[in-house]
Amino acid sequence: TRKELRDDRAALFLTHFNGTQRAFTHLMKVTNPGRFRASPARVQPMYQPDYQATTDAKVFTVEKAQ
């Protein structure tokens with residue numbers, strides 16, 4: 001329903017959660033070559049703390065364009 005993009009995180013909000021599995025995609029624009037780490041994503045409904053999920057941390061390398 002709504003999203004907030006910050007320097008250190010992206011927060012996504014849904015008005016209703018009925019337990020159905022959902023997938024979210026976030027695009028990143030990398031402007032410098034190097035080795036980077038993406039922290040795990042964490043999901044938890046505000047009023048239903050029994051539901052929660054996390055992803056694995058990722059490491060990726062960006063090479064300089066030729």
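What is the volume of the largest pocket? In this predicted model, the largest pocket has a volume of about 2100 Å³. Its lining is made up of 46 residues, and those closest to its centre are Ala10, Leu12, Ala41, Arg42 and Val43. Two or more lining residues are contributed by each of strand S1 (2–5), strand S2 (10–13), strand S3 (34–38), strand S4 (42–43), strand S5 (53–54) and strand S6 (58–62). Among these elements, S2 provides the largest share of the lining, with four residues. When the lining of the largest pocket is divided by class, 22 residues are nonpolar, 13 are polar and 11 are charged.

Confidence was examined for the protein and for its elements. The mean pLDDT of the protein is 84, and 100% of its residues reach 70 or more. The lowest confidence is found in S2, where the mean is 82, whereas the highest is found in S6, at 92. S2 is thus both the element with the lowest confidence and the one that gives the largest share of the lining of the largest pocket.

Interactions that involve aromatic rings were considered next. One aromatic pair is present in the structure. In addition, the charged end of Arg2 is placed over the ring of Phe13, at 4.2 Å from the centre of that ring.

A further set of results concerns Pro45, which is located in the loop between S4 and S5. When neighbours within four places in sequence are set aside, Pro45 is in contact with Phe17 and Tyr51. Pro45 and Ala57, for their part, are separated by 12 residues in sequence and, from C-alpha to C-alpha, by 21 Å in space.

Methods:
Residues are numbered from 1 along each chain as its sequence is written. This is a predicted model: local features need pLDDT of at least 70, side-chain atom pairs count only at pLDDT 80 or more; totals for chains, interfaces and linings use all residues. Side-chain values use heavy atoms; hydrogens and water are left out. Rings of Phe, Tyr and Trp (its six-membered ring) pair if their centres lie within 6.5 Å; planes under 30 degrees apart count as stacked, over 60 as edge-to-face and the rest as tilted. A charge sits over a ring if NZ of Lys or CZ of Arg is within 6 Å of the ring centre and within 35 degrees of the ring normal. On a 1 Å grid over the protein atoms alone, a cavity is a set of points where a 1.4 Å probe fits but cannot get out, and a pocket is an open set with protein on both sides within 12 Å along at least five of seven lines; lining residues have an atom within 4 Å of a point. Grid points are joined across faces, edges and corners, and a volume is the space filled by probe spheres set on the points. Ala, Val, Leu, Ile, Met, Phe, Trp, Tyr, Cys and Pro count as nonpolar, Asp, Glu, Lys and Arg as charged, and the others, Gly among them, as polar. Contact means heavy atoms within 4.5 Å. pLDDT is the predictor's confidence in each residue, from 0 to 100.
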